[in-house]
Amino acid sequence: MSQVGAENLAALETETRNPNTSDLDNLTVSELVATLHAENFTVAEAVQKALPQVVQSVEIVTLRLSQGGRLFYVGAGTSGRLGVLDASECPPTFGVSRERVQGIIAGGNTALTTSIEGAEDSPETGAEDLRERGVTALDAVCGIAASGRTPYVLGALAEARRLGAATISVTNVSHSKLKEVSDIAICAVTGAEGVTGSTRLKAGTAQKMILNLLTTAVMVRLGKVYGNLMVDVRATNFKLRDRAVRIVVSATGATEPLALQTLQAAEGEVKTAIVMLSKEVDAQTARKRLEAAEGWVRNALK
């Protein structure tokens, strides 16, 4: 590494040595676990300070998705895996298609289970991977990188901006190159890691918290939640089918047998079943009410 490169690395908060964990290899197991976990208590505070930018991101992503656009996460290593994880959980939880929220990781699907660290070094590959998804001005692209300078993510976000997409970055340092290509920069500064430079720890935890906040809040704003019930859940297995029944029971006060019977008449659509029971209408009428309310159960019940 060049002298300049070493200096830049040292300047990153995520690369500094943590005085609280400087003796890890000399601790008992109980002391070791307690010392590492103590560092986790600083993560939520770091995310708290970034909430204004999370709010801005929720607003812009909600607008893009409501107009038919998509949300793309782009990252490498741990950051890329977290983006793919969050995207993959949206369809079963909120009933959106897999195209609406997508995760792109440097190195492709192989990098989900195998470390391909060199894949993050090419900005051109990041831009190419984004173009392959057909990103347009309707979309939003969120680049994730603890250091805020991963070439693959920088290339992808720069290309997203060129294409007119809304650009968001999630980083864990005060100053980053990603800020320069981001409409909104979410910076959760988590500081020195428990193990020096291992950003899968505090930085990774902060990133997961932020991504969960972002998509959950966006889906609420798109009418995918009624109260705190996931009323667009896809009942694709026994657990989710059981949850769908319990959601209908909770929302309407119906008995479980009646909720199950109504869900079957609604072809598994939780929203439709809730409106059917609450307004004492058939499935077709319930769907019309929901369509008029743009999918919001609360408005459909008015």
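Select Ile-116 to open the tour: this residue is partly exposed, with a relative accessible area of 34%. The structure on display is a predicted model. Ile-116 belongs to the loop that runs between strand 2 (101-105) and helix 6 (123-132). Setting aside residues up to four places away in sequence, display what Ile-116 touches: Gly-107, Thr-110 and Ala-111. Then draw a C-alpha to C-alpha distance from Ile-116 to Gly-143; the two are 27 residues apart in sequence and 18 Å apart in space.

**The largest nonpolar core**

Next, select Val-61, Leu-71, Tyr-73 and Met-219. Within the largest nonpolar core, which has 33 residues, these four touch the most other members. To see where the core draws its residues from, colour helix 3 (43-49), helix 4 (51-66), strand 1 (71-75), helix 5 (77-94), strand 3 (140-144), strand 4 (166-171), strand 5 (184-187) and helix 8, each of which supplies at least two residues. Which element gives the largest share of this core? Helix 8 does, with six residues. As a general point, nonpolar side chains in soluble globular proteins tend to be buried together.

Centre the view on Tyr-73 and display its surroundings. Not counting residues up to four places away in sequence, Tyr-73 touches Gly-83, Asp-86, Ala-87, Val-101, Gln-102, Gly-103, Ile-104, Cys-142, Ile-144, Leu-211, Leu-214 and Thr-215.

Move on to Thr-215, which lies in helix 8 (residues 202-221). Is Thr-215 buried or exposed? With a relative accessible area of 4%, Thr-215 is buried. Apart from neighbours within four places in sequence, Thr-215 is in contact with Leu-71, Tyr-73, Asp-86 and Cys-90. Asp-86 is thus listed among the contacts of Tyr-73 and among those of Thr-215.

**Salt bridges**

Now turn to the charged side chains. In general, side chains of opposite charge can pair when their charged atoms come close. The model contains ten salt bridges, and three of them are visited here.

Select Lys-202 and Glu-39, whose side chains form a salt bridge at 3.0 Å, N to O. This pair links distant parts of the chain, with Lys-202 in helix 8 and Glu-39 in helix 2 (residues 29-40), 163 residues apart. Lys-202 counts as buried at 4% relative accessibility, and Glu-39 counts as buried at 8%.

Select Arg-131 and Glu-159 next; their side chains meet in a salt bridge of 3.4 Å, N to O. Here too the pair links distant parts of the chain: Arg-131 is in helix 6 and Glu-159 in helix 7 (residues 151-162), 28 residues apart. Arg-131 is partly exposed at 44% relative accessibility, whereas Glu-159 is buried, with a relative accessible area of 8%.

For the third pair, select Asp-232 and Lys-271, joined by a salt bridge of 3.0 Å, N to O. Asp-232 sits in the loop between helix 8 and helix 9, while Lys-271 is in helix 11; the two are 39 residues apart and connect distant parts of the chain. Both Asp-232 and Lys-271 are buried. Add Arg-162 to the selection to see a network: salt bridges that share partners join Arg-131, Glu-159 and Arg-162.

**Helix 9 and its two faces**

Select residues 238-252, which make up helix 9. This helix has 15 residues and reaches 21 Å from its first C-alpha to its last, close to the 21 Å expected at 1.5 Å a residue. Which residues of helix 9 are buried? They are Leu-240, Ala-244, Val-245, Ile-247 and Val-248. Rotate the view to look down the axis of helix 9: the buried residues fall within an arc of 155°, so they line one face of the helix. An α-helix has 3.6 residues a turn, so residues three or four places apart point the same way.

Display helix 10 (256-265) and helix 11 (270-279), which are included in what covers the buried residues of helix 9. On the face turned away from the buried side, look for the exposed residues Phe-238, Lys-239 and Ser-250.

Inspect the ends of helix 9 in turn. At the N-terminal end, Asn-237 acts as a cap, with a side-chain oxygen 3.2 Å from the backbone nitrogen of Lys-239. Just after the helix, Gly-253 adopts a positive phi of about 80°.

Notes:
Residues are numbered from 1 along each chain as its sequence is written. This is a predicted model: local features need pLDDT of at least 70, side-chain atom pairs count only at pLDDT 80 or more; totals for chains, interfaces and linings use all residues. Side-chain values use heavy atoms; hydrogens and water are left out. Helices (H or I, at least four residues) and strands (E, at least two) are DSSP runs, numbered from the N terminus. Buried means under 20% relative accessible area, exposed over 50%, partly exposed in between (1.4 Å probe, protein chains only). Contact means heavy atoms within 4.5 Å. The expected span of a helix is 1.5 Å times one less than its number of residues. The arc is that of the directions from the helix axis to the C-beta atoms. A polar contact is a pair of N or O atoms within 3.5 Å; within protein, one must be able to donate a hydrogen and the other to accept it, and residues adjacent in sequence count only if both atoms are side-chain atoms. A salt bridge is a side-chain nitrogen of Lys or Arg within 4 Å of a carboxyl oxygen of Asp or Glu. A nonpolar core is a set of buried Ala, Val, Leu, Ile, Met, Phe, Trp, Tyr and Cys residues joined through side-chain atoms within 4.5 Å.
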